Amino acid sequence: MNLIDFSEKIKEYDNFIIIPHINPDGDSVGAALALCKILRALNKTAYIADISESFPKNLAFIDANGYIAPDDFAAETAFSEDCADEARMFDKALFENCKNSFSIDHHITNNGFANFNYIDANASATGEIVFELAKALDIKIDAECAKYLYCAIASDTGSFKYSNTSSKTFRIVADLRDIYGEFSDLSHTMFDEFTINQLKLKEYALSKLKLHLDGKVAVMYVDYEYLEENGFDFNDADFLTSIPRSVKGVEVGIFAKIKRDEVKVSLRSNKYFDVSKIAAMFGGGGHKRASGISFHISFGETIEKLLKAIENEIK
């Protein structure tokens, strides 16, 4: 479905509940907030699923009050955003209980599970697509919406460092800058501001970093016991995800969070390796340079399986 047809379909429905993926990140949250404002500008009733307990720490400056769905909201239309499949949805039951469904996403592994889907795997972020959707709907983006979209796009491009950043990305952000103003404070808070405890967590994780496959793969992890003992939530370590691939000479970085019954793995690559293929082998998904998987085996077995799969593909 093209974007124009998708936008026209949106006009036919109401009472939207917007559902991001589990462990929402900057793109899923920023895009959800912007999408909610856009739907409301169409005089639609729209809310976001209650992600207040899972809000990314680096977006704590955003006030989501008024966007989170009240308990008595009777949603009729589910709007999945930035979610590659139903299994990774923040609230799958909420999605399934709605009469109608939409999905807007940029993950290449999305197979179009909603009634109406718009997927652009070339977009740097779902926030980039939501910007285009606002244009298709002839909705004027205000300063607040521009802030949300900047946070979304900056998050998924690693502050415009990743290879998914295109010339179109910069043109969109230039338009957002004209609407919002200077983004430097937002950027500093999102990417360059850490608590003392976060820096101590980084030091701990770095002490676990090891190189494999002739230095082409770096593995780093944190365990649930350490996080719990030091007052961290399980998702508080997500800011460490890209560190393993930052080691000179490394092509694939593996960052794992070890829970009692689960190992959550983030895969990142630098130049050529398609980590989405590795993720797909084990039931995960994502992008060529950034993907995720969950395992329910030991950490040692998890790394053994991943290294074997990567060794068969890496140059």
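This report describes a mixed sheet, the helix lying across it, two residues with positive phi, and the cysteines of a predicted model.

Residues are numbered from 1 along each chain as its sequence is written, and side-chain values use heavy atoms, with hydrogens and water left out. Because the model is predicted, local features need pLDDT of at least 70 and side-chain atom pairs count only at pLDDT 80 or more, whereas totals for chains, interfaces and linings use all residues.

**Sheet and helix**

Helices (H or I, at least four residues) and strands (E, at least two) are DSSP runs, numbered from the N terminus. Two strands pair if DSSP finds at least two bridges between them. An open sheet of 6 strands, with mixed pairing, follows the order E6-E7-E8-E9-E11-E10. Its edges are strand E6 (210–212) and strand E10 (285–286), each of which pairs on one side only. Within the sheet, strand E8 (residues 252–258) is antiparallel to strand E9 (residues 263–269), and 7 bridges join the two. Ile254 has Leu267 of E9 as its bridge partner. In general, strands of a sheet pair through backbone hydrogen bonds, either parallel or antiparallel.

Helix H11 (residues 299–311) lies across E6, strand E7 (217–223), E8, E9 and strand E11 (290–295). The helix runs at about 160 degrees to E8; axes are lines fitted to C-alpha atoms, for helices over the stretch in contact, and angles run from 0 to 180 degrees between N-to-C directions. Contact here means heavy atoms within 4.5 Å.

**Positive phi in loops**

Phe160 is a residue other than glycine with a positive phi, near 70 degrees. This residue is placed in the loop between helix H5 (143–156) and helix H6 (167–180). Leu213, likewise not glycine, has a positive phi near 50 degrees and belongs to the loop between E6 and E7.

**Accessibility**

Buried means under 20% relative accessible area, exposed over 50%, and partly exposed in between (1.4 Å probe, protein chains only).

| Residue | Relative accessibility | Class |
|---|---|---|
| Cys98 | 11% | buried |
| Cys145 | 3% | buried |
| Phe160 | 22% | partly exposed |
| Leu213 | 21% | partly exposed |

**Cysteines**

A search of the whole structure finds 0 disulfides, a disulfide being a pair of cysteine sulfur atoms within 2.5 Å. Cys98 cannot form such a bond because the closest cysteine sulfur, in Cys36, is 14 Å from its own sulfur, too far for a bond. Cys145 is also in no disulfide, and the nearest cysteine sulfur, again that of Cys36, is 10 Å away.
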